[in-house]
Amino acid sequence: MSTTLGRTRSGSESDLAGRGPMLLAMVLAVLGYQINATMLSPALPDVIERLGTTTAAAGLSQTLFFLMAAIGQVTLARLSDQRGRKPMMIVCAFVLIAGNLMCVFAPNIEIFIAGRILQGVSAAMFTLAFLTLNQLLTPAGFGKAAGIITAVNGGLAGVDAIAGGQIADTIGFRGIFVCSTLIAVAGLIGVRRYVPDVPPTTANAPFDSRGITALSAGLTGVLVGLAQGGAWGWTSPLTLAFLLGGLLALVLFVVSQRSAANPVIDIDVLASRRAWPLLITTICTLGGAFGAIALTIPLFSQDARVGLGLSAVAAAVLFLTPIQLIGVISAPLTGRLGPKVGWRRIVVTGAVANFAIFVFATLFLHHEWILVASLAALGVTYGGFMLTGLNGLAVTTAPKDKPGSLSGLNGACFGIGASLGIALASAMITAGSDAHGPTAAGYQHAMYTALALLGVGVVTSLLIQRPDPADAETADEPALVIAHH
């Protein structure tokens, strides 16, 4: 038999308040991962200097970090359909702690990259948190909670970006991973104690290891080839081997999904307009906005030769903190707005606004205060509308029998987009370098590439299928149905 556990819309406020310890545990769990992206961005020049490496290698570490975030999200989200959300959240926490310790003690860039790969896998914590909340709360309660979790996606209200810059200017980048480890341990304890066990939705289904292997190989080949193409040479055998091998693996992945007993991705769902335009919008949004925020702007703002010549702390205060601080406020507000006006409308509005803002940021890259104002505005359009809207739309439109399919894939697209954006930005900056290092033209080309990606995102957001009116009529129905056997 089945027992329905749910609340009415009018009771969502008290329901959410009653879930406070659980929500706090999830916030700590996802924050442990997220600050490895937000705190490290202003410290990238310090990583390059202390490990004696290059801009291309530092860019590769970021690319692989977000690539593994993509693979981890789609893999662990599907596993959580079969093994349960909470066990996979605990796995994520342990993997994150292990990756952090590797980066703390890394003697060279190779060990550092290995640690970043493990950290990236733990990004699945975001998708697992969204899936758990969607099963436990009403749609209105989920919207509010999703806004809170999404706010963490930009970091700790900007404090972490400033702290990252301060740590880089004083004790070095290793201190960042010590902070992340402490938060991850607190998140692990909170998840074990306060997050309830939600029964698996497809407990007896086999895991598609062949599909995961092909997907991982394909994404790695394409994104590493793009990231290192400028350094290796775009026509070099190594670059071509990565790019062509990656594309072949992705083709094999698509073919394998049609015959798999329990595919990673439902091809029929992927082919529908509720899926592929959403996924491309996610990739282009992260590729354009995050690639610039996490790599191009931090490097440009601290470049004393052709950039703004700022310290790590000053760069963080001016260009990273405003986005995060405003995002912390706008994301929960967007979470409340989404169920009322529709998640698709939120996404389309955010995509158009993001593109418009990046036009100013690209054209006035060397005008410090125009750039500051433009990036601060992204706190609303990117940190609020897009990050919350894309997650909300993926979770609420996923097939009911496979709730982890679309949301897990969309979570993977966050990682794919971020790694793609960093790979392209790194390639543009490297290709535009001279004997003395990056040039102004290299940074400008990286920004034009980001703008092009955001433009594609605007087009694909308009192609997302409008929700079925019948779904809107069920907005007040309970969110969780648990089957007892």
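1. A residue counts as buried when its relative accessible area is under 20%, and aspartate 46, with a relative accessible area of 9%, is therefore buried. The model in which this is seen is a predicted one. Aspartate 46 is paired with arginine 50 in a salt bridge whose closest N and O atoms are 2.8 Å apart. Both residues belong to helix H3 (residues 44-50), and because they are four residues apart there, about one helical turn separates them. Arginine 50, by contrast with its buried partner, is partly exposed, at 44% relative accessibility.

2. A search of the whole structure returns two salt bridges, and the other pair to consider is aspartate 434 with arginine 305, where the closest N and O atoms are 3.1 Å apart. This pair links distant parts of the chain, 129 residues apart, since aspartate 434 sits in the loop between helix H18 (403-431) and helix H19 (440-463), while arginine 305 sits in the loop between H14 and helix H15 (312-341). Aspartate 434 is partly exposed, at 37% relative accessibility, and arginine 305 is likewise partly exposed, with a relative accessible area of 40%.

3. As to the chain overall, it contains 20 helices and two strands, and buried residues account for 61% of its 485 residues. Of the contacts between residues at least 6 apart in sequence, 83% join residues at least 24 apart. The accessible surface comes to about 17900 Å², and carbon and sulfur atoms contribute 68% of that area.

4. The largest nonpolar core has 141 residues, and those with the most contacts inside it are Leu40, Phe112, Leu133, Phe290, Phe319 and Phe358. For phenylalanine 358, leaving aside neighbours within four places in sequence, the contacts are with Gly288, Ala289, Ala292, Leu378, Met447, Ala450, Leu451 and Leu454.

5. Helix H14 (residues 276-302) deserves separate comment. Its 27 residues should span 39 Å at 1.5 Å a residue, and the C-alpha atoms at its ends are 38 Å apart, which agrees with that expectation. The helix nevertheless bends by about 45° at alanine 292, and alanine 292 is also among the residues in contact with phenylalanine 358. Because 25 of the 27 residues of H14 are buried, this helix is largely enclosed by the rest of the structure.

6. Helix H12 (residues 237-259) can be checked in the same way: at 1.5 Å a residue, its 23 residues should span 33 Å, and its end C-alpha atoms are 33 Å apart, in agreement. The buried residues of H12 are Thr239, Leu243, Gly246, Ala249, Phe253, Ser256 and Gln257.

7. Two individual residues complete the note. Glutamine 62, placed in helix H4 (residues 55-83), is buried, with a relative accessible area of 1%. Not counting residues up to four places away in sequence, glutamine 62 touches Leu40, Leu44, Arg116, Ala294 and Ile422; of these, Leu40 is also listed among the core residues with the most contacts. Valine 352, in helix H16 (residues 343-363), is partly exposed, with a relative accessible area of 43%. Valine 352 and threonine 381 are 29 residues apart in sequence, and their C-alpha atoms are 8.9 Å apart in space.

Note on methods:
Residues numbered from 1 in each chain as written. Predicted model: local features only at pLDDT ≥ 70, side-chain atom pairs only at ≥ 80, totals over all residues. Heavy atoms only, no water. Core = buried A, V, L, I, M, F, W, Y, C linked by side-chain atoms within 4.5 Å. Buried < 20%, exposed > 50% of the residue type's maximum accessible area, 1.4 Å probe, protein only. Contact = heavy atoms within 4.5 Å. Expected span 1.5 Å × (residues − 1). Bend = angle between axes of the 7 residues up to and from the residue. Areas by Shrake-Rupley, 256 points an atom, 1.4 Å probe, with all protein chains shown as cover. Salt bridge = Lys/Arg side-chain N within 4 Å of Asp/Glu carboxyl O.
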